[in-house]
Each structure stands twice: as C-alpha cells, then as structure tokens.
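Q: Please take a close look at one stretch of this structure and explain, step by step, what may be found along it and beside it.

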Amino acid sequence: MSNPFKPNDSAIWQELARQRDLLQQTSLSELFAQDTDRYARMHASAAGLTLDYSKNLINSTTLDLLTGAARSSGLQDKIAALFSGAHVNTTEDRPALHTALRDFTGRSPHLAEIEAVMAQMKSLVEQVHSGEWKGCTGKAITDIVNLGIGGSHLGPMFATEALAAFNDGSVNCHFVSNIDSEDLSSVLSALLPDTTLFIIASKSFTTQETLQNAKTAREWTASIAKTEADFGRHFIAVTSRPDKAVKFGVSRQNILPMWDWVGGRYSLWSAIGLPIAFSIGMDNFNRLRRGASRMDQHFLTTPFLQNLPVLLGLLGIWYINFWDTRTLAVLTYIHHLRYLQEFLQQLDMESNGKSIRIDNRPVDYQTASVLWGTVETNGQHSFHQMLHQGTQFIPTDFILALTPDSANDSHHPYLVANCLAQSNVLMTGKTREQAQADLIVAGQKLARAAELAEHMQMPGNRPSNMIVMEQVTPESLGALIALYEHKVYVQSVIWNINAFDQYGVELGKVIGNRIYSRLTEDDYADRFDASTEALISLYRKVNGNRS
C-alpha cells in the first residue's frame with residue numbers, strides 16, 4: 001500500500017510553502033477582522049465534540065491545498081483500508097483493526113472473537129462487583145492492580161481516571177508500570193492481599209517490567225496463598241501467550257486474549273481495557289466504545305473539510321512541515337483528563353516518530369512533533385510564559401468541558417474563563433503601545449513605562465485549536481480518544497510512513513537484558529562502550545559484586 005504522493009516533490013507542497021510565506025505577513029487578528037464569519041466557517045462538530053480551528057494561521061486557500069494534499073496521498077482509500085482489515089501495518093504484514101473492537105454494526109471483522117471476550121469481561125466484572133468473586137481467604141475483592149506498561153498501562157490508566165465520576169465504588173483500580181520497586185510497593189502498602197486482584201497485561205508475557213512486578217506481587221500474595229488454586233483467585237492475565245500465564249499460576253479460565261491485529265497503544269478497547277470496565281462497569285465501558293464508534297463513522301464518511309480527525313491531522317502537517325514547529329502543547333482544562341498527555345505521547349510519537357517511508361526510503365521532511373502539556377491551570381503558572389513570550393512557535397490544542405464533573409460548580413466558570421483567555425491571548429498578544437498605556441494608567445512615569453513595556457509586550461499570533469465537549473462522559477471520552485487515533489493515522493498517510501510498528505523501542509529492551517546479566521552475573525560474554533562498562537563496574541562495586 002505504498003503512497004505515490006511524495007510531499008517535497010509535489011506541486012501542492014510547493015504551493016503550500018508559498019501560502020506560508022503569504023500568511024507570515026498577516027496576523028490572526030487581521031484574519032478575524034477581515035472575515036466576520038470566520039468562526040462559523042472554521043469549526044466542525046461530531047460525536048459530541050466541537051473543534052474550533054479558527055485561531056489557526058490559515059485561510060480557505062490553505063484548507064483547499066491541505067485537503068488536496070490529502071486526496072493526492074489517497075487518504076480516502078487509506079481510511080477505507082484501515083476499517084476493512086487491509087494490511088495497513090506493512091512492515092509486520094497485518095491489519096490494525098482497533099476500530100473493529102468498537103463496531104456495533106454486526107459486520108465487524110473478528111466479530112465472534114470480540115463478542116466472546118466482551119462476554120468474558122462482563123462476567124468477570126459482574127463477579128467482582130457482586131462479591132461473588134472472593135479471594136482465597138473468602139473475602140470479597142476491593143482493589144484491582146493492573147500490572148502493565150506502554151499501551152497496556154497508559155490507555156487503561158488514562159480512561160479509568162478520566163471516568164472516575166462513573167465509578168460506583170465497587171472496587172478501586174490502581175496502576176503499576178515502572179520497574180522501580182517503589183512504584184509497586186507504594187501501591188501495595190495501602191492494600192491487603194486478601195482483597196486484591198492483579199491483572200497481568202502483557203502480550204508476550206515476557207515484558208521485563210511487567211513480569212518483575214508480577215513476580216513481586218506473587219511473593220506479596222504468598223502470605224495468604226498456599227496453593228496454585230489460591231493464587232488463581234488473585235491473578236487475571238491478558239496475553240497472547242496463555243501457556244506462559246498458566247505456568248505463572250493464572251487459571252486458564254481467567255486468561256483473556258490479545259491479538260496481533262490490535263497494537264498496544266490502540267488496545268484499551270480490548271481486554272486490555274478490563275481495569276476500565278472494573279472501575280466503571282461493563283455498561284459504561286460499552287458506552288465508551290460507542291462514543292469511539294461514532295467518531296469512527298464520522299471519520300469514515302464525512303468530507304474532509306468537515307472531518308474532525310482529518311482537519312486536526314492536516315493542521316498538524318501545516319505547522320510541522322511548513323512552519324517548522326517541533327512541539328505540540330496539549331492543555332486539558334479538565335482535571336480528570338490529567339493523564340491525557342502521557343497517553344497521547346505514546347499514541348502520537350510511537351506511531352509517527354519514524355524516518356523511513358513505507359517504500360523503504362528515508363523521509364526528507366519532518367514527521368511527528370514532541371507532544372507535551374499538563375492539566376490546567378497549573379501550566380499557566382509555569383510554562384505558559386514560554387508559550388506567550390518565548391522564541392519558539394508552538395501550536396496548542398486546548399481541551400475543555402462546558403459543564404463540570406463535580407456537583408460543586410462554583411469553580412467551573414473560572415476554569416472556563418482561564419481556558420478561553422489563554423486561547424485569546426495566544427492569538428492577540430499585547431503590543432508595546434498597549435503595555436505602555438496600561439503602565440501609565442497604573443501610575444508609572446512615562447520613561448519607566450516605556451522601558452517596562454518592552455518586556456511586557458507579547459507577540460501573539462500563536463495558533464491554537466479548541467476541542468470542546470459538553471461534559472466528560474464515556475461517549476465523549478471515547479470520541480476524543482478516537483479523534484486523536486485517527487488524526488495520527490491521517491498524518492502517517494500523508495507522510496507515507498507506517499503508524500503501527502515500533503521497532504525503535506525494541507533494541508533498548510534487548511540491550512537492557514544483556515546489561516542486566518552483566519550487572520547480576522559474572523558474565524563477560526558481552527562488552528559495551530567504555531562509558532557503559534565503567535557504569536556497570538561502578539554498580540557492581542557499590543552492590544558488592546566482583547567487577
């Protein structure tokens with residue numbers, strides 16, 4: 001499925017570069033002044049989300065060129081290929097069918113497998129919530145600990161926290177990924193083995209971090225579990241290697257599958273989402289899936305100029321490839337979405353952090369940005385200084401809910417006001433003359449006001465998107481996640497790269513295992529560079545081992 005579109009060699013690409021030069025001579029404030037209908041023309045809604053993209057350095061010509069680039073890359077056919085089960089993961093020669101996991105039409109590929117897993121998840125959730133599932137000492141489960149890393153951790157953790165308002169209190173969910181023992185011990189210190197159920201989430205059941213945490217969890221559980229049957233009451237596994245899970249001590253009936261046609265960072269819709277279901281119940285988990293499904297259908301059927309994932313993806317292309325931006329700030333004005341940036345970092349940078357095209361040739365243009373941000377308004381008192389007055393040009397996505405999760409809504413107008421203010425000020429800035437006038441009104445002498453105004457002016461003209469939902473619900477969250485999933489795919493198609501492999505993370509795992517042997521054993525088969533060798537020797541010396 002190679003893409004014949006070669007960005008740097010295309011006429012559209014060259015025309016977009018000329019558009020960038022023209023738009024550098026204007027400002028967002030001028031574009032709004034020239035077009036009173038700008039917001040009306042530059043926002044779109046779908047699946048409970050509204051995207052306001054009017055505060056971008058674009059005009060109708062820019063949009064026509066960007067959508068023309070999308071058509072030239074065969075985007076519409078590539079979208080259809082994604083949903084149909086074509087082998088869009090070209091290097092691993094397999095499909096990327098995460099959309100099938102939230103397809104309620106009855107026509108989904110792998111329908112029988114998916115329905116069987118959803119039924120198994122429903123049964124497990126109901127057993128735990130009702131108290132039917134008991135630990136080996138006869139006590140009901142009160143706490144779930146998910147042991148995973150990467151996609152087996154970030155998606156479930158983010159969604160569980162995002163939907164905390166939908167937790168009925170049946171169980172509490174905890175997430176452990178770091179191989180640093182403090183991560184696991186800090187969670188276990190507040191729990192009891194009698195009432196704790198672990199989920200081991202590992203496709204290969206060989207992931208170093210997850211397995212080491214699972215072994216420690218088993219040792220912790222050994223204070224009450226004396227037989228394999230006892231251990232089986234406290235461990236569930238999600239894996240493609242059930243044989244390894246059984247060998248570890250997980251009962252076969254408590255093993256849920258992972259499939260090669262679902263990538264880890266796209267897997268929260270599968271049994272990897274079991275912690276989400278434990279937290280909010282299976283009905284709400286299905287609502288999450290339905291919200292994503294609504295965005296899927298919008299992505300599949302909507303013309304590009306009204307298509308939220310396409311628009312978001314093309315705007316990213318515009319800034320990365322024509323304004324030479326290197327980062328994207330994602331600012332969430334929703335407390336429960338505070339893990340969104342961690343989730344999106346993997347989704348975006350692991351997917352599109354590539355430098356080889358599908359046709360095996362090096363790219364000669366920029367691909368993924370560094371994605372970062374935090375829950376607001378914290379960032380306003382830290383890095384927003386750089387957004388407003390720094391030398392870097394950084395596009396921003398703002399994410400806002402119009403109504404709060406909390407019954408105490410007296411804070412919410414302040415939160416919304418801050419979000420809208422930041423978006424406005426990034427656009428308008430403040431001139432030196434305005435700053436000087438304000439200082440004089442505040443009582444400064446003319447000379448001092450003129451001096452300080454140099455430091456208080458703000459250039460403005462910094463672009464942003466505003467993504468708005470009425471309230472965080474399972475449906476709106478599902479739509480938001482699917483929006484960013486598809487945005488990433490749009491960009492990968494135009495860049496002609498594979499969004500679904502991650503070879504760049506594999507070598508470090510291999511070398512890490514080899515260095516582990518050097519740290520813990522008298523194994524001299526492997527030798528590394530002088531720096532690594534010196535640090536290995538230092539570790540062994542401090543820990544009483546022979547070097």
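Around strand 9

A: Asn360 is exposed, because its relative accessible area is 67% (buried is under 20%, exposed over 50%, partly exposed in between, with a 1.4 Å probe and protein chains only). The model is predicted, so local features need pLDDT of at least 70 and side-chain atom pairs pLDDT 80 or more, while totals for chains, interfaces and linings use all residues. Residues are numbered from 1 along each chain as its sequence is written, and side-chain values use heavy atoms, without hydrogens and water.

Asn360 belongs to the loop between helix 15 (340-352) and strand 9; helices (H or I, at least four residues) and strands (E, at least two) are DSSP runs numbered from the N terminus. Although Asn360 is not a glycine, its phi is positive, about 75°.

After strand 9 comes Thr377, in the loop between that strand and helix 16 (384-389). A cis peptide bond, with omega about 25°, joins Glu376 and Thr377.

The next topic is the cavities. The whole structure has 3 cavities of 30 Å³ or more, and the largest has a volume of about 180 Å³. On a 1 Å grid over the protein atoms alone, a cavity is a set of points where a 1.4 Å probe fits but cannot get out, and lining residues have an atom within 4 Å of a point. Points are joined across faces, edges and corners, and the volume is the space filled by probe spheres set on them. Strand 9 (370-372) is one of the elements that give two or more residues to the lining of the largest cavity. The largest share, 5 residues, comes from helix 14.

Methods
On a 1 Å grid over the protein atoms alone, a cavity is a set of points where a 1.4 Å probe fits but cannot get out, and a pocket is an open set with protein on both sides within 12 Å along at least five of seven lines; lining residues have an atom within 4 Å of a point.
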